[in-house]
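Hi,

Here's the structure I promised to send over. Have a look at it first, and my notes on what turned up are underneath.

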Amino acid sequence: MTQAHGPADAAPATVHGHAPTGFIRKYVFSLDHKVIGIQYYFLALTAVCIGMILSLAMRIHMVWPDASIPFFGAIKPEQYLTLMTMHGTIMVFFVLTTAPQSGFGNYFLPIQIGAPDMAFPTLNMLSFWTTFLSFAVMISAFFVAGGAPLSGWTNYPTLSAIPMAGPGEGLGEDLWLISIALFCVASMMGALNFITTTLDLRAKGMTLMRMPLTCWSWFITAILGLLAFGVLLAGGILLLMDRNLGTSFFVPGGLVVSGVPVQHSGGSPLLWQHLFWFFGHPEVYIAILPGMGVASQLLSTFSRKPIFGYRAMVYAMMAIGILGFMVWGHHMFMSGMSPYSAFAFSFMTMAIGVPSAIKTFNWLGTMWKGKIRFTVPMLFAIGFVSLFVSGGLSGPFLAQPAIDIPLHDTYFVVAHFHLIMGVAAIFGIFAATYYWFPKMYGRMMNDALGKIHFVMTFVGAYCIFMPMHYLGMAGNPRRYSQFTEVKYLAPLIPIHKFITYAAIITVSAQLLFLFNFFWSMKKGKKAAQNPWEATTLEWTTATPPPHDNFGGVTPVVYHGAYEYSVPGAEKDYIMQTDPTPVPAH
Amino acid sequence: MGLALLLIIWLITFLSSYFFVAHTWWPHAISASAPYIDHQWHLTFIAMGVVFIAAQVALGFVVWRYRDHGDAAKASYSHGNNKLELTWTVLTAILFLGLNAIGSPIWAAERFHSADTSAMKVEVTGLQFAWYFRYPGPDNKFGRTRPELEDASLGGLSALGVDSADPAAKDDVVSGVLFLPVNREVDLTLRAQDVIHSFFVPAMRFKQDAVPGLMIHMHFRPEQTGDYEIACAELCGLGHYKMHGIMRVVSEQDFEKWLAAREADKQ
């Protein structure tokens, strides 16, 4: 690897000469990547609260269809679909894409590579406020005539293309598309910033192969985002045109909806599926890769051991990123696309299991013969590994088209993607929150509350999502608001009730987290500069870090990020900025 | 905490695995291709089950075994082992790509060739929120459909917009129940009139989207008589959860009798 070039003195120093003092420039339209990171985090926190309340309302409606729920009243089947659509959309875009990458990435990528800020601070501010606008537009869809759309987060035409096809497919659907288009633009701006920052602003000595794996994961995620969001943006604009300008990209001729002939001809609903999943599958990795980075960082830190197979970890993430763009068709085995292409997509999808397995082996290898400290962030990192295994292993079933025939669009799929890109990714966010909270706010989060929160969430997540595999095998289709019409589903209702009870308890446990978060901000135990005895650059600077991150000093890096338990060293960790030599490896 | 974590992870692993095998979750299978699909499922299930249990048990063991005892000894200093990396890379590649190689012929047998010429033709049409089944009658030809003639409120031929001016349409029969003779291959043509639907018959291990603008040909063969439910598996709007139907598999004679009666009704 070449020496890092363009050290901090080439950075936009003029912007960072001194911190802004006015409230608006300091906290609202801030150019400081740390403030922007926190803004993203709070946006995601707001979104996850909404998304979770929606999911609770759905779970309650599914098993007690006539129940009147506070704020929602008695939910009608079409409202159920609206809740489901918005739950998926909010969680995927405004939580799983926003918190791990834009939130923590923004705050810690520059500090971990020794830069004073992102490469383009103004662009960074612009990308946050565009995301904010996108979120506001998305939420506004709830309040327009007809309500929010009901076509799912995948938004397949022709259901999503024809206003008469269902309630919410009018103005609500247009707002959904506008919101997603804005989100794509914001994400591409963010991705450019992450890529440039990683390539150009690394401190002296911070070669690529000395970067913490978190930085690698943010870097690779940014590349995926740059390539994937552009395609969704194009798809979204085309669908908006179909709906409002009379084009027919996605709508074929000869359709009759609600008794009214549709004035379109020549389009293909499958085109949307290709565009959507060309984005949608890399999106799964956009959600989970930063979690992998955080898990690696934490497992090494709290096992007091170097990461096992650093290079293999980097190459595995690259392989996942590249293969991730070649597997989108596995979402379309039943769509009517050529059965021959299923062969290629199936092969590539099974192949992506290999780098995923390498990562799991290396996480176990990192803990092997370690000295594990059961801090709360470490518990969530261990939980991440368990959930990643559980959610990952249902993949090879769905990746084989023959087995996908009975399982496609059933609860088996719901179980699969929730465990891996939902819960595992959320565990990555929790791990990161407990880990970096002391650096962000100068105080520790409460340990006992954190441990209770971990156990309840870990067990709860399994209670919710493991039984969904059984439902899927029994042929329970997803996106059903009730299980009373299709007769063979009635015997499965007790399992759905169990899941709903588990969901109520697990969601309630998140109140512990919220309480702990806000209480610790004000009342938590004061944190030392390096409370976890970790090696990376954020722990070399003050808590919370000054405006230019390192207080006028430019850090110099001497070795990789995971020098723990070096034989003969005084302590069991050597900071990246510590010139003490380490054994060659 | 190490021991508690071990117990929690092991208990979750044990209970999850137990409920997979303690009950027959799969619906009773009645199609000719179902045994092959089910076999591939079982093979994958065993392979993934072993990996699942091994990985979770190892995780539980490692976190307990290598917990910090608070002594002065340092953790082992190792940056990895290339031989091990290579070993597990090759092993997982063999496992995953091997499963893929074994499973692929099943998919090919299902979808790479069209139905026998002797197969019975049935057209399946999905519309919000019902399934309609059309039989071509003695001429073995489906009559032309025209969207402007569609009127779902009238049901039957009118719901599909079948053009009575077309001679081939004269003997077409439309039913809300999918009547099929047992042990005969069925050549399905799947259509959708408004949005995407998905024709899902769990007992047949069969699923295929019905897509507006496409005529999708599929084939299958039911091998046991009885009533089996059809569900819609692609989100199609507010009535998606109640878009279902019945597939009624009867003996060849009963089927002929039913079809003749329907033809007679038309005259």
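Let's start with the open sheet in chain B: this is a predicted model, and in it 5 strands line up in the order E3-E2-E1-E5-E8, with mixed pairing. At the edges sit strand E3 (173-175) and strand E8 (216-220) of chain B, each of which pairs on one side only. From one strand to the next, the twist averages 25°.

If you zoom in on the E3 edge, you'll see that E3(B) and strand E2 (residues 130-135) of chain B run antiparallel and are joined by 3 bridges. Tyr135(B) is the residue standing opposite Val173(B) in E3(B). Helix H5 (residues 252-266) of chain B packs on this sheet, where it touches E2 and E3 of chain B. The direction of H5(B) makes about 110° with that of E3(B). As a general reminder, strands of a sheet pair through backbone hydrogen bonds, in either a parallel or an antiparallel way.

Further along chain B there is some more strand pairing to look at. Strand E9 (residues 226-232) of chain B runs antiparallel to strand E6 (residues 197-201) of chain B, with 2 bridges between them. Phe199(B) has Cys232(B) in E9(B) as its bridge partner. E9(B) also runs antiparallel to strand E10 (residues 244-250) of chain B, and here 6 bridges do the joining. In that pairing, Asp227(B) has Arg248(B) in E10(B) as its bridge partner.

Now for a loop. Pro138(B) lies between E2 and helix H4 (156-160) of chain B. Is Pro138(B) buried or exposed? Pro138(B) has 11 other C-beta atoms within 10 Å, and the cut-off for exposed is 12 or fewer, so Pro138(B) counts as exposed. Pro138(B) and Trp64(B) are 74 residues apart along the chain, and their C-alpha atoms are separated by 73 Å.

Over in chain A, I ran a quick check on helix H10 (residues 339-367). How far should its 29 residues span at 1.5 Å a residue? The expected figure is 42 Å, and the end C-alpha atoms of H10(A) are 43 Å apart, so the two agree. H10(A) is also mostly covered, with 21 of its 29 residues buried. After H10(A) comes Lys369(A), which has a positive phi, near 60°.

That's what I have for now. Shout if anything is unclear when you open it up.

Cheers

Technical notes. Residues numbered from 1 in each chain as written. Chains lettered and ligands numbered in written order. Predicted model: local features only at pLDDT ≥ 70, side-chain atom pairs only at ≥ 80, totals over all residues. Helix = DSSP H or I, 4+ residues; strand = E, 2+ residues; numbered from the N terminus. Expected span 1.5 Å × (residues − 1). Buried ≥ 20, exposed ≤ 12 C-beta atoms within 10 Å, placed from the backbone. Pairing = 2+ DSSP bridges. Axes fitted to C-alpha atoms, helices over the stretch in contact; angles between N-to-C directions. Contact = placed C-beta atoms within 7 Å.
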